[in-house]
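Work through these exercises with the sequence and the model side by side. Try each task before reading its solution.

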Amino acid sequence: MARTRRSGRSRRTTSSRRRGSSRNGYGALVLAAALIFGGYAYLHAHHGKLPDIGGKSGSSSSAGATGSGSGGGGTGGATTKGAFVFATDTTSEPTIYHFIESAHSSIDMTMYELSDTTAVSDLISKQKAGVHVRVILDQAEKSKNQAAYTKLTGAGIGVVWSSTTFQYTHQKTLTVDDRESLILTGNLTSNYYSETRDFGYFDTDKKDVASVVAVFNADYAHKSITASNADDLLWSPNSAQDRILSVIAGAHKTIDIEAEEFNATAVVNALVAKAKAGVAVRVVVESPSQYKSSISKLEAAGGKVVGYSSSKGLYIHAKIVLADAGQSDQAVELGSMNLTTNSLDRNRELGIILHDAPDITMIEHQLSADFSGGTQV
């Protein structure tokens with residue numbers, strides 16, 4: 001699960017700020033690549049507006065660019081598809097707001113933590129405009145979600161606390177008009193946007209979206225369901241671990257991981273086996289001191305690990321497993337699940353496995369920048 005982000009956690013020192021200014025050139029390159037990948041589809045979907053960019057002078061981010069034509073439908077409701085990186089050094093996420101604004105008939109949201117007042121206001125505006133809005137919020141995070149719950153229900157929006165069947169409903173997903181689902185690694189918590197590494201993906205695959213809708217309907221009613229993987233999905237507690245292990249098993253040259261939490265035994269053992277077999281394994285992890293045993297096993301096998309754990313700067317909240325970037329068999333898993341037994345076996349989580357070159361190239365560029373910016377463990 002995502003732990004408390006303020007009290008009791010160590011964060012990086014001001015070295016992150018020094019690194020930030022030196023990354024501006026790299027951020028420009030990522031932006032250029034993102035615009036090439038997105039091209040006309042992105043600009044059309046956003047009525048000619050460029051993506052929101054992180055990586056300002058003094059930022060700990062290399063980029064907040066959007067890739068593969070992603071960014072939601074915009075107010076025109078155009079369908080797009082692709083991955084994007086949360087913009088840092090901002091307290092807003094226009095890419096997500098545009099997606100909410102694109103809805104014509106329905107919005108379904110499952111969110112572990114919801115405190116972004118702009119997103120809440122946008123949901124209320126769509127409800128008032130006749131869009132059917134429904135929201136599931138995690139029951140274990142009531143203290144953090146209560147303000148949003150109160151405001152949404154006061155506007156007539158259907159909001160339910162998640163089922164206690166799951167230890168946490170840690171999923172972070174929005175579905176618009178039953179046509180497109182936004183799958184996130186990050187919560188809608190605006191006070192963390194400026195310091196957190198997270199990713200999102202706009203999924204237009206009809207089978208995927210139908211599965212997301214079916215699971216939402218069941219979870220909203222607190223009914224059991226066997227979640228379908230459809231074409232690209234992985235779900236906790238059903239299939240997440242097996243699907244993540246399949247991505248790792250398919251790697252022949254490289255594995256790159258970005259993880260807030262890192263101690264699932266099966267995953268660590270699979271990475272160790274790959275490292276011993278000569279695959280180049282790199283891991284970027286938050287608070288590495290909490291995962292000493294897992295990290296020691298991987299490094300002893302030849303893997304490389306860097307950490308972010310000081311009091312300031314970038315916080316690694318992403319959940320990414322990337323295999324063989326740039327190769328014909330490349331694949332990336334992106335979603336809400338941490339690499340822990342609890343997250344894989346007991347929570348409600350959702351992720352997706354991608355093979356598209358533009359998305360993987362953009363994600364790999366960001367992971368490489370974050371690896372370069374981390375502290376060797």
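**Exercise 1.** In which sense do β2 and β3 pair, and over how many bridges?

*Solution.* The model is predicted, so read every value as computed from it.
- Step 1. Locate the strands: β3 covers residues 132–137, and β2 covers residues 106–111.
- Step 2. Read the pairing. β2 and β3 run in the parallel sense, with 6 bridges between them.
- Step 3. Check the register at S106. Its bridge partner in β3 is H132.
- Step 4. Add the connection. Together with helix α4 (residues 117–128), β2 and β3 make a β-α-β unit, and the unit is right-handed.

**Exercise 2.** Which strand joins β2 through 5 bridges, and does the pair run parallel or antiparallel?

*Solution.*
- Step 1. The strand is β5, residues 172–176.
- Step 2. β2 and β5 run antiparallel.
- Step 3. For the register, take T110. T173 is its bridge partner in β5.

**Exercise 3.** Sort the residues of β2 by the way they point, and decide whether they are buried or exposed.

*Solution.*
- Step 1. Recall the rule: side chains of a regular strand alternate between the two faces of the sheet.
- Step 2. Apply it. S106, D108 and T110 point one way from β2. I107, M109 and M111 point the other way.
- Step 3. Test burial, which requires under 20% relative accessible area. The residues pointing either way are all buried.
- Step 4. Conclude. Because 6 of the 6 residues of β2 are buried, the strand is largely enclosed by the rest of the structure.

**Exercise 4.** Which strands stand at the edges of the sheet that has 8 strands?

*Solution.*
- Step 1. Write the order: β9-β16-β15-β14-β10-β11-β12-β17. The sheet is open and its pairing is mixed.
- Step 2. Find the edges. β9 (233–236) and β17 (375–376) each have a single partner strand, so one side of each lacks a neighbour in the sheet.
- Step 3. Look at a packed helix. α7 (residues 206–220) touches β9 and β16 (349–354), and its direction makes about 20 degrees with that of β9.
- Step 4. Inspect one pair. β11 (residues 280–286) and β12 (residues 304–308) run parallel, joined by 5 bridges. V284 has V306 as its bridge partner in β12.

**Exercise 5.** Which residues of α10 are buried, and what do they pack against?

*Solution.*
- Step 1. In α10 (residues 292–300), the buried residues are S294, I295 and L298.
- Step 2. Place them around the axis. Their arc is only 95 degrees, which puts them on the same side of α10.
- Step 3. Turn to the other side of α10. K292 and A300 are exposed there.
- Step 4. List the packing partners: the buried residues of α10 pack against α9 (265–276), β11 and β12.
- Step 5. Look just after α10. G302 takes a positive phi of about 110 degrees.

**Exercise 6.** Where do D177, D178 and P237 lie, and what backbone geometry goes with each?

*Solution.*
- Step 1. Set the expectation: most residues other than glycine have a negative phi, and most peptide bonds are trans.
- Step 2. D177 has a positive phi of about 55 degrees. D178 also has a positive phi of about 55 degrees.
- Step 3. D177 lies in the loop between β5 and β6 (180–184). D178 lies in the loop between β5 and β6.
- Step 4. Compare accessibility. D177 is buried at 15%, whereas D178 is partly exposed at 45%.
- Step 5. S236 and P237 are joined by a cis peptide bond, with omega about 10 degrees. P237 is in the loop between β9 and α8 (240–249).

Terms used. Residues are numbered from 1 along each chain as its sequence is written. This is a predicted model: local features need pLDDT of at least 70, side-chain atom pairs count only at pLDDT 80 or more; totals for chains, interfaces and linings use all residues. Side-chain values use heavy atoms; hydrogens and water are left out. Buried means under 20% relative accessible area, exposed over 50%, partly exposed in between (1.4 Å probe, protein chains only). Helices (H or I, at least four residues) and strands (E, at least two) are DSSP runs, numbered from the N terminus. Two strands pair if DSSP finds at least two bridges between them. A crossover is right-handed if, with the strands pointing away from the viewer, the path from the first strand over the helix to the second runs clockwise. Contact means heavy atoms within 4.5 Å. Axes are lines fitted to C-alpha atoms, for helices over the stretch in contact, and angles run from 0 to 180 degrees between N-to-C directions. The arc is that of the directions from the helix axis to the C-beta atoms.
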